[in-house]
Amino acid sequence: MNLLLAMNIPNNKECEEIIKYFNVPDKVIQHSKLVWKICQFIAKQLIKRGIKINIKLLKAATDLHDIDKIQTLKTEKHALIAYDYLKNKYPEVAEIVVSHVMRLATKYPSNTWEKKILFYFDKITQDEKVVLFEERIEFLHKRGIEISEKKIELIKKTIPIVKKI
């Protein structure tokens, strides 16, 4: 017997409570709001084309994707603390959150549309604006964050898909 289990997805109020618990700065919240606007637009376009996307799941993951950003700035733990916090109560959200980080992409692959959308569109937003992918990579390099050519090529492969949308 094949049973479909319901996902436990935090609503807006629960997301706000988690954001408050992590003491997320307004700048990071504004970044997440911009990422959501882009993700929501793209998701709606994909849905119009018959692709199934869980908007509530994508929204929660987008809201929460950077909750541990500030506390992990000088470590290799970005998204891992958030993942550990979310995984028991909101496992699907936790999976999307952890898969948005490039260095974790091989361990937590972007194998759903929700993961792919957040992964890519988070990469082309910088603070509160949308930038070219190349600009974002240059910005990360200036901050001392090294990204392998392999990872850059993986992301570049998504660009033609996004342009079709």
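**Close-ups of a predicted model**

**Figure 1. The whole chain, made of nine helices and two strands.** Before zooming in, keep in mind that this is a predicted model. Walk along the sequence and you'll meet the elements in the order α-α-α-α-α-α-β-β-α-α-α. The chain has 165 residues, and 42% of them count as buried. Now take the contacts between residues at least 6 apart in sequence: 61% of these join residues at least 24 apart. As for the outside, the accessible surface comes to about 10100 Å², and carbon and sulfur atoms account for 56% of that.

**Figure 2. Where helix α3 crosses helix α6.** Here we have α3, which covers residues 55–64, and α6, which covers residues 113–123. Their axes come within 10 Å and cross at roughly 35°. If you're wondering about the handedness, α3 passes α6 in a right-handed crossing.

**Figure 3. The residues that meet between α3 and α6.** On the α3 side, look for Leu 57, Leu 58, Ala 61 and Thr 62. Their partners in α6 are Glu 114, Ile 117 and Leu 118. Sort this contact by class and you get five nonpolar residues, one polar and one charged.

**Figure 4. Asp 122 and its contact with His 31.** Stay with helix α6, because that's where Asp 122 sits. Is Asp 122 buried or exposed? It counts as buried, because its relative accessible area is 6% and the cut-off for buried is under 20%. The side chain of Asp 122 also has a partner here: a polar contact of 2.8 Å joins it to the side chain of His 31.

Definitions and conventions
Residues are numbered from 1 along each chain as its sequence is written. This is a predicted model: local features need pLDDT of at least 70, side-chain atom pairs count only at pLDDT 80 or more; totals for chains, interfaces and linings use all residues. Side-chain values use heavy atoms; hydrogens and water are left out. Axes are lines fitted to C-alpha atoms, for helices over the stretch in contact, and angles run from 0 to 180 degrees between N-to-C directions. Helices (H or I, at least four residues) and strands (E, at least two) are DSSP runs, numbered from the N terminus. A crossing is left-handed if the near helix is turned anticlockwise from the far one by less than a right angle, and right-handed if clockwise. Contact means heavy atoms within 4.5 Å. Ala, Val, Leu, Ile, Met, Phe, Trp, Tyr, Cys and Pro count as nonpolar, Asp, Glu, Lys and Arg as charged, and the others, Gly among them, as polar. Buried means under 20% relative accessible area, exposed over 50%, partly exposed in between (1.4 Å probe, protein chains only). A polar contact is a pair of N or O atoms within 3.5 Å; within protein, one must be able to donate a hydrogen and the other to accept it, and residues adjacent in sequence count only if both atoms are side-chain atoms. Accessible areas come from the Shrake-Rupley method with a 1.4 Å probe; for residues, only the protein chains shown count as cover.
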